[in-house]
Amino acid sequence: MNENDQCALVLEQILQVAVAHGRDAMKGSDSFDKGKASAYYDLLTVAIETAETLGLDISRHGLLDFDPDKELIPRRHAA
């Protein structure tokens, strides 16, 4: 495995962990958990947008069925 492949593997693992931790943070009920979800949202959105700009297929790198806009933004309930 060359150095580029190793870097890609490291980044893929980071993204997969960020998705999992972001989803876990959304299950929390306090403002700290919502803040963590927001941080993961920012990180993952930048990663996805950068990958798309470079023409990378993000579905191959742990983000197949992940949409940060749907999963990491708190939903407001109607009053």
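This is a short tour of a predicted model, stop by stop, for you to follow in your viewer.

**Stop 1: the whole chain**

Start with everything shown as a cartoon. You'll find three helices and zero strands, so reading from the N terminus the pattern is simply α-α-α. Now switch on the surface: it comes to about 5,900 Å², and carbon and sulfur atoms hold 55% of that. Of the 79 residues in the protein, 25% are buried. Contacts between residues 6 or more positions apart are worth a thought too, as 56% of them join residues 24 or more positions apart.

**Stop 2: Glu71**

Next, select residues 68-71, which form helix 3, and pick out Glu71 there. Is Glu71 buried or exposed? Neither quite fits: its relative accessible area is 24%, so Glu71 counts as partly exposed.

Which residues does Glu71 touch, once neighbours within four places in sequence are set aside? Show Arg23, Met26, Asp65 and Phe66, and you have its contacts.

**Stop 3: Arg23 and Glu71**

Keep Glu71 on screen and zoom in on Arg23. The two side chains make a polar contact at 2.5 Å, and they also meet in a salt bridge, with 2.5 Å from N to O. This pair ties distant parts of the chain together: Arg23 belongs to helix 1 (residues 3-27), Glu71 to helix 3, and their positions lie 48 residues apart in the count along the chain. Draw a distance between their C-alpha atoms and you should get 6.9 Å. Arg23, at 35% relative accessibility, is partly exposed as well.

Why might side chains like these pair up? Opposite charges can do so when the charged atoms come close.

**Stop 4: Asp24 and Lys27**

How many salt bridges does the structure hold? There are three, so two stops remain after the one you've just seen. Stay in helix 1 and select Asp24 and Lys27, whose side chains meet in a salt bridge at 3.8 Å, N to O. They sit three residues apart, so about one helical turn separates them. Asp24 is partly exposed at 46% relative accessibility, whereas Lys27 is exposed at 69%.

**Stop 5: Asp33 and Lys36**

Finish in helix 2, residues 31-53. Select Lys36 and Asp33: here a salt bridge spans 3.9 Å from N to O. Again the partners are three residues apart, which puts about one helical turn between them. Colour by accessibility and compare the two: Lys36 is partly exposed, with a relative accessible area of 34%, while Asp33 is buried because its 16% falls under the 20% cut-off.

Notes
Residues are numbered from 1 along each chain as its sequence is written. This is a predicted model: local features need pLDDT of at least 70, side-chain atom pairs count only at pLDDT 80 or more; totals for chains, interfaces and linings use all residues. Side-chain values use heavy atoms; hydrogens and water are left out. Helices (H or I, at least four residues) and strands (E, at least two) are DSSP runs, numbered from the N terminus. Buried means under 20% relative accessible area, exposed over 50%, partly exposed in between (1.4 Å probe, protein chains only). Contact means heavy atoms within 4.5 Å. Accessible areas come from the Shrake-Rupley method with a 1.4 Å probe; for residues, only the protein chains shown count as cover. A polar contact is a pair of N or O atoms within 3.5 Å; within protein, one must be able to donate a hydrogen and the other to accept it, and residues adjacent in sequence count only if both atoms are side-chain atoms. A salt bridge is a side-chain nitrogen of Lys or Arg within 4 Å of a carboxyl oxygen of Asp or Glu.
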